[in-house]
Structures are given as structure tokens and as C-alpha cells.
Amino acid sequence: MDGERRTDAGLLTIGAFARASRLSPKALRLYDELGLLTPARVDPVSGYRHYAPAQLARARLVAWLRRLGMPLARIREVCELPPAAAAGAVAAYWERVEADTAARRDLAAFLVDQLSRTREHPEMTEPHTALTMRCAALTDRGLVRTAHQDAAYAGPRLLAVADGYGAGGGPAATAAIEQLKAVEETDLSAVDPLTALEEAAHRANRAAAPSGDAATGSTLTALLRAGSQLALVHVGDSRAYVLRDSGLFRITHDHSLVQSLVDEGRLTPEEAPGHPQRALLLRSLDGGPAFAPDLQLLQARPGERYLLCTDGLSAVAPPEAVQDVLTTAADPAQAVRDLVALAHGAGAPDNIACVVADMAAAGETAQG
């Protein structure tokens, strides 16, 4: 059959090329359609694809990169590079894969821990299990900025931080948190806490709308306690973490240009803090109709310590140092002071806002 032999012109039929390259004919047809591996000649009558022997090196590279799990768009870029640059691109891709694997490992550990605790203590799934929460909030202008545009709040049931930007950033951050405070008065036994928090976040978005300065807005990260549940709302690059005996876990995902570049494998997590556009947000409170915060419902456990902070802390303090402070601080008030001191020790180039809360079963003293 013609699909199994070399043509008179010295070209390989698709069947022969597939065997030599270790790629299937189906894959070769797909790569042709994508412009990744175009045949040397296509018969105008039969439509048979024919490949030059010299194309085997590229085909084998494609096969190897696919085995690494590299996306086809990235493979196309690598194949167009000279060998030295291609080697660097493969190394950078694999470094990103290892970083992603580490991040997924942390998330898996968090989920295993969360689900194991639920299985061992099924009573903890009751939405209105009584918990007490001891908390503290602190903001600081930092050592470089002349304006202070961060805001923080720690109330009986609500924890929140906001990082304003633009000429009206400070008022925007403050207004956003003020709108959220009203949710503490809501009867959460009759209303879903996540719905209540989402509605409050939409009010906060309208409150943060710019007046005359289109570049004004704010981030917002908040937790609302309802029994043993914590409703989370998040938009921007402020963060929420939980410390438990199995470690420190980040429970939010940044809505920033730099984070999107990290997600796409175009930037490593180590490079992200030094990127010149680190502060560029993809989502925020800006008064716009497309406001779409992340929403999540968490199960709080006695003994856990939660941290909400703006990037004035997270961008300069390594997670290991933050975990050390949260582990050793005697109580939330001491923890927020120590975290601000940690940011100062790293130069504090930005405003800082942080909230720390300890969870304890009702009738017990909160962890301190």
C-alpha cells in the first residue's frame, strides 16, 4: 500500500514516517492542521501526505515534548528556536511543571487534611457548630509610600483586608470594607453565608467606584464566620492563608498579570516578585458591571489560625517566615505586630494590612 513505503522522490509516506517518528498518523494529521509539522508534499489527487527524512528530527522532538506534557502552542515555539534557546525553553518549562506539582502537592495535602478531619469528626460538618474567634487587625504605611491606601477589619464574625490603588485608592478600600461590615448583622441561620457575603461584595464594588479617576479601585479579601463555616470572597492580589498542624496553606489565587504569566508557564514563581508589572491587576473592585469575585465555603476547625494580608506583606516576606511568625506568636495581636515587623525588615516598600484570627470551640479559649 502507498501509505507504507518510500516514494520515488525520496519522501516518506505518512505510515512510514509515523513508524520512524513514533507518532501516530492521527497525531501527524493534527500537527499538520495546527501548522506544527507540515508535510513536505501533499498529493493533489489522493491527498496523501508525504514527509522528508530531514523532518524526522523535528517530529521526534515534538514526540518527546508531548511526552513531557508540553502544550502544543508551546511546542511550536520551542521547535522554532535554535538548539541552545530550545534547551533553555525546555528547562524553563520543566521548572514550571515542578513548581506546579509542588503547588498541587500543597493543595492535595490541604484537601486530605480537610477531608480526614471531617471523617474523624463528622460532627464538624454541622454548619452551625459553635466556634469562638479571637482576632486582630493592623495596618501600616510602610517605609516608602507617602500615602496609606490599605484597610483592614477584624470583627466578631467578619475579617477583611483591602488594598486601594489610584488617587482615590485609600477611600475606595475603606468604603469597600465599610459595606461588608453590615453583613455581620445578618441572621445567617436564615441566609446562606456565601450568598450574604457575595451580595455585600457587590455593594462594596459599587462603593469603590472611581469618581473622576478611572484608575481607582481596590482589592478585597474577606472571611465571614457562620457556625463552623467560613465564607470567603476574594478579588485582586491580597491573600488568605490558614495555619494548622499540617502547615501553612494559601487559600486564594491572585488575580494579577504576573500570576497569569506564572499559570501559563511564562514566568517562574521565583521571578514573579521582581516583575516590573507585579502590581497590575486583572480583577479588582472598580465599580464595573463585570465584577466577578472568587467565592468559596470553608470548614473551620478549632486550633486553626487564619491570616488575611495585602501584598505589602506577601510580596516581601517568604512563606516560611510568615509561617514561623504565625506559629510562634502568642496571640493574634502579637502576630499582626510581628508580621508588620517582618515586612519592615524586608524594606516595607508598600503599605501593609493584615488580619489574624484564631478559632476555638465554644467554651474553650482561642488558640493563643
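How many aromatic pairs does the structure hold? The structure holds one. Before we look at this pair, keep in mind that you are looking at a predicted model.

## The aromatic pair

The two partners are Phe 17 and Tyr 51, and their rings are stacked. A pair of aromatic rings is described by the distance of the centres and the angle of the planes. For Phe 17 and Tyr 51, the centres are 4.3 Å apart and the planes make an angle of 10°. Planes under 30 degrees apart count as stacked, which is why this pair gets that name.

Try finding the two residues along the chain. Phe 17 belongs to helix H1 (residues 14-21), while Tyr 51 belongs to strand E3 (residues 49-51). They are 34 residues apart, so the pair links distant parts of the chain.

Are these two rings buried or exposed? Phe 17 counts as buried because its relative accessibility is 0%. Tyr 51 counts as buried too, at 0% relative accessibility.

## Salt bridges

Let us turn to charged side chains. A search of the whole structure finds nine salt bridges. Three of them are set out here, with the closest N to O distance for each.

| Salt bridge | N to O distance |
|---|---|
| Asp 350 and Arg 145 | 3.2 Å |
| Glu 178 and Lys 181 | 2.8 Å |
| Arg 239 and Asp 254 | 2.7 Å |

Start with the salt bridge between Asp 350 and Arg 145. Asp 350 sits in the loop between H11 and E14, and Arg 145 sits in the loop between strand E4 (131-140) and strand E5 (150-154), so this pair ties together parts that are 205 residues apart in sequence. Asp 350 is buried, with a relative accessible area of 10%, whereas Arg 145 is partly exposed, at 38%.

Where do Glu 178 and Lys 181 lie? Both are in helix H6 (residues 169-181), three residues apart, which is about one turn of the helix. Glu 178 counts as partly exposed at 43% relative accessibility, and Lys 181 counts as partly exposed at 27%.

The third salt bridge joins the side chains of Arg 239 and Asp 254. Arg 239 is in strand E10 and Asp 254 is in the loop between E11 and H8, so parts that are 15 residues apart in sequence are tied together. Arg 239 is buried, with a relative accessible area of 15%, and Asp 254 is buried as well, at 8%.

## A closer look at Asp 254

Which residues share a network of salt bridges with Asp 254? The network links Asp 254 with Arg 239 and Arg 250. The side chains of Asp 254 and Arg 239 are also joined by a polar contact of 2.7 Å.

To place Asp 254 on the chain, look in the loop between E11 and helix H8 (257-263). Leaving aside neighbours within four places in sequence, Asp 254 is in contact with His 234, Gly 236, Asp 237, Ser 238, Arg 239 and Gln 259.

## Two helices with a buried face

Now look at helix H10 (residues 319-328), where Val 322, Val 325 and Leu 326 are buried. Seen down the axis of H10, these buried residues fall within an arc of 95°, so they line one face of the helix. On the other side of H10, you will find Glu 320, Thr 327 and Thr 328, which are exposed.

What do the buried residues of H10 pack against? Their partners are strand E10 (239-244), strand E11 (247-250), strand E13 (305-309), helix H11 (332-345) and strand E14 (352-361). Strand E10 is also the home of Arg 239, from the salt bridge described above.

Helix H4 (residues 72-79) gives you another case to view down the axis. Its buried residues are Leu 72, Arg 74, Ile 75, Val 78 and Cys 79. They fall within an arc of 155° when seen down the axis of H4, so they line one face of the helix.

## Cysteines

Cys 79 in H4 is buried, at 13% relative accessibility. How many disulfides does a search of the whole structure find? The search finds zero. Cys 354 shows the reasoning for one residue: its sulfur is 7.2 Å from the closest cysteine sulfur, in Cys 309, and this is too far for a bond. A disulfide needs the two sulfur atoms to be within 2.5 Å. Cys 354 is buried, with a relative accessible area of 0%.

Terms used. Residues are numbered from 1 along each chain as its sequence is written. This is a predicted model: local features need pLDDT of at least 70, side-chain atom pairs count only at pLDDT 80 or more; totals for chains, interfaces and linings use all residues. Side-chain values use heavy atoms; hydrogens and water are left out. Buried means under 20% relative accessible area, exposed over 50%, partly exposed in between (1.4 Å probe, protein chains only). Helices (H or I, at least four residues) and strands (E, at least two) are DSSP runs, numbered from the N terminus. The arc is that of the directions from the helix axis to the C-beta atoms. Contact means heavy atoms within 4.5 Å. Rings of Phe, Tyr and Trp (its six-membered ring) pair if their centres lie within 6.5 Å; planes under 30 degrees apart count as stacked, over 60 as edge-to-face and the rest as tilted. A polar contact is a pair of N or O atoms within 3.5 Å; within protein, one must be able to donate a hydrogen and the other to accept it, and residues adjacent in sequence count only if both atoms are side-chain atoms. A salt bridge is a side-chain nitrogen of Lys or Arg within 4 Å of a carboxyl oxygen of Asp or Glu.
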